[in-house]
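Q: Take a close look at one part of this model: the side of chain A that touches chain B. What does each chain put into the contact, and which classes of residue are found there?

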Amino acid sequence: MANLTMKKADIIAVTIVIPICLYVFYESAQWPVPALLGRPFVIPRGVATLLVVAALLLLYRAVTGRSLPLENPLVGADLWRVIGAAVITFGYLFVVERIGFFGTTLLYMLLFALVLGERRWPRLVMFAILVPLVVYVLFSTALHVPLPRGWIENSLREHGFALIFR
Amino acid sequence: MVDLQLLLHGFATVLSGYNIIALVLGSFFGIIIGAIPGLTATMGIALLVPFTFGMNPFTGIVMLLGIYTGAIYGGGIASILIKTPGTPAAAATVFDGYPMAQKGLAGKAIGMATIASGIGGTFTALCLTFFAPILAKFALRFSAPEYFALAVFGLSVTVTLTGKSPLKGIISGCLGLLIAMVGLDPMGGFPRFTFGTTQLTGGFSFVPMLIGLFALSEGFHQVEVILTAPKVSAVLTNIIPRLRELKECTRTFVRSCIIGLIVGVTPAIGAETACFVGYSEAKRTSKHPELFGTGILEGVAAPQCAENASTGGDILPMITLGLPGDAATAVLMGALTIHNLQPGPLLFRDHFDLVHQMFAGMITANIVFVILGLTFARFFAKVINIDRRFLVPLIFIACMVGSYAIGNDIFDMITCVFFGFIGYVIIRYDYPVSPMVLGQILGVMMESNFRRSMAMSQDDLLILVTRPIALTILILAAFATITGIRRQRKALQMEEKLARRTAEVR
């Protein structure tokens, strides 16, 4: 079973890598060749060729049952935790510039700790509030790095809370 | 040659104002990162690089050196207390460190580990100080063909020596090379692989990518293993070893220092190999090898000394040739570049005083973590018990916000998360990450110097093999590749035989 999972992974990797290499050949054919600046397609095509050869060898090993065994298959609760972490992290990217750093991070920390199994609400809430606060103060004041604002902070500024947010 | 006056001035700079505070803070956090299993020195440096942006370049560099040396040492604490190395570099410390803890000698083991690490690290920092200027002077004779050959050497050694499968190492390295080509052509200025987007015109941001591949990918792994993190229950007493005990380990220190330096200088091999080689040599040459593994001080001193002795060796090729010795030095190199300091022989020519300050910083960092390690040993032991359900989300936020802080661009944050997830997935399926990162660093060096060589020779490839230094390096690269592949294939064949025998027995 473990070999089958690694075999599938190797075959999937080959199906991703080979189109990438074909695209390298396709795009490099359209590049200009500046005089006295060497041929720009040599290295990319060389690397793509090496990659195709390696991918085909990997495919051969997978098809002939010689893939390395997968030592720790990701199943059950472990798998759902990783999926949960990935979903909320990618979700954070979409939401942070809209809602703003503070609100998004508060929600993110809350959800993430829940995904990891923390159920003690007082600790959860305190952690979810403290972390964005500390990070905000550290980055905005000590490091002078502005963080994404979003509509929450913009609304607060409009209603006269400009002193809190520099 | 090293300028002693500049070196003394370097020490004065390190020990003044914000620099010493940054160094102490860096060491402190480095030890914490090293002590917590799953968090590596590379991850620590990658996580904290964005925090150094607002600092003076030297202050930032000295902080990162503190994190690097502290984290390499800190891994031994978890090895001794919970039989789980804090960092891969401390794996061999488990063999005698944990048995000592079981005998109630955890404090003594940690004390010896601290002093041994300090001795190894200081020795190698001194070697770096004296040898680096000589190597950099030699490297000033290098031209485009030599730099191309160096890049090929670095890549070939890395892809064949890291990970279980050279084939997957090659795939990872080649993908890294292709990723490095995204953006504008370095000589012609036309866009390559940008898919018409303006964000990719400058290529992928290097530091967010590093943070993603080394720090965030490990964060995802921690999510996976969150329920299995062990706890510390040992009480630490008699931390500082006696003078007699240190004297008995003198030969071990000398041997491990030399082993660590040699291993560190070899590309793609770092502290992880140094600790095992140091331990096995100490056992082999001991009058009582049967005692190794039962809990003896020599068994802790040897690997800890060797692993920290490799740090200077890892930095040597990075700072003199622009060739990272391992993943951690690749990240350090990225940090130097962010502060507008390009590692290589020109750094010595144009910033000789700064280089001496860095040497002074490296030597001081190794002394600082010894003081911190002995003083706060009980605190660092407690840190291992930190609740992962709060630590892991903190790591994710630090990665994402750190990446955003580089250019105030959400695309950097996206880059970090994208490569973090990719890094986690490829590590799961045995693709090593180091070749991908080194492919990005060395790919730029390789391609631009190849094109320059072709421009110099008017498209004559013979220029790469008619220059003696370039030819020698390329031959070494071929030799290293062949021996590396053969060694990996033998190791894989042994594994397959063992797996078959185990299946037959069952």
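A: Two residues are in contact if their C-beta atoms, placed from the backbone, lie within 7 Å. This is a predicted model: local features need pLDDT of at least 70, side-chain atom pairs count only at pLDDT 80 or more, and totals for chains, interfaces and linings use all residues. Residues are numbered from 1 along each chain as its sequence is written, while chains are lettered from A and ligands numbered from 1 in the order in which they are written.

The contact takes in 49 residues of chain A and 45 residues of chain B. On chain A, helices H1 (2-28), H2 (42-63), H3 (76-99), H4 (101-115) and H5 (121-142) each supply at least two residues to that side. H3(A) gives the most, with 10 residues. By class, this side has 39 nonpolar, 5 polar and 5 charged residues. Here Ala, Val, Leu, Ile, Met, Phe, Trp, Tyr, Cys and Pro count as nonpolar, Asp, Glu, Lys and Arg as charged, and the others, Gly among them, as polar.

Now the chain behind that side. Chain A has 6 helices and 0 strands. Helices (H or I, at least four residues) and strands (E, at least two) are DSSP runs, numbered from the N terminus. Among contacts in chain A between residues at least 6 apart in sequence, 64% join residues at least 24 apart.

Chain A is assigned domain 1 (2-63) and domain 2 (76-158); such bounds come from an automatic or database domain assignment. The C-alpha centres of these two domains of chain A lie 38 Å apart.
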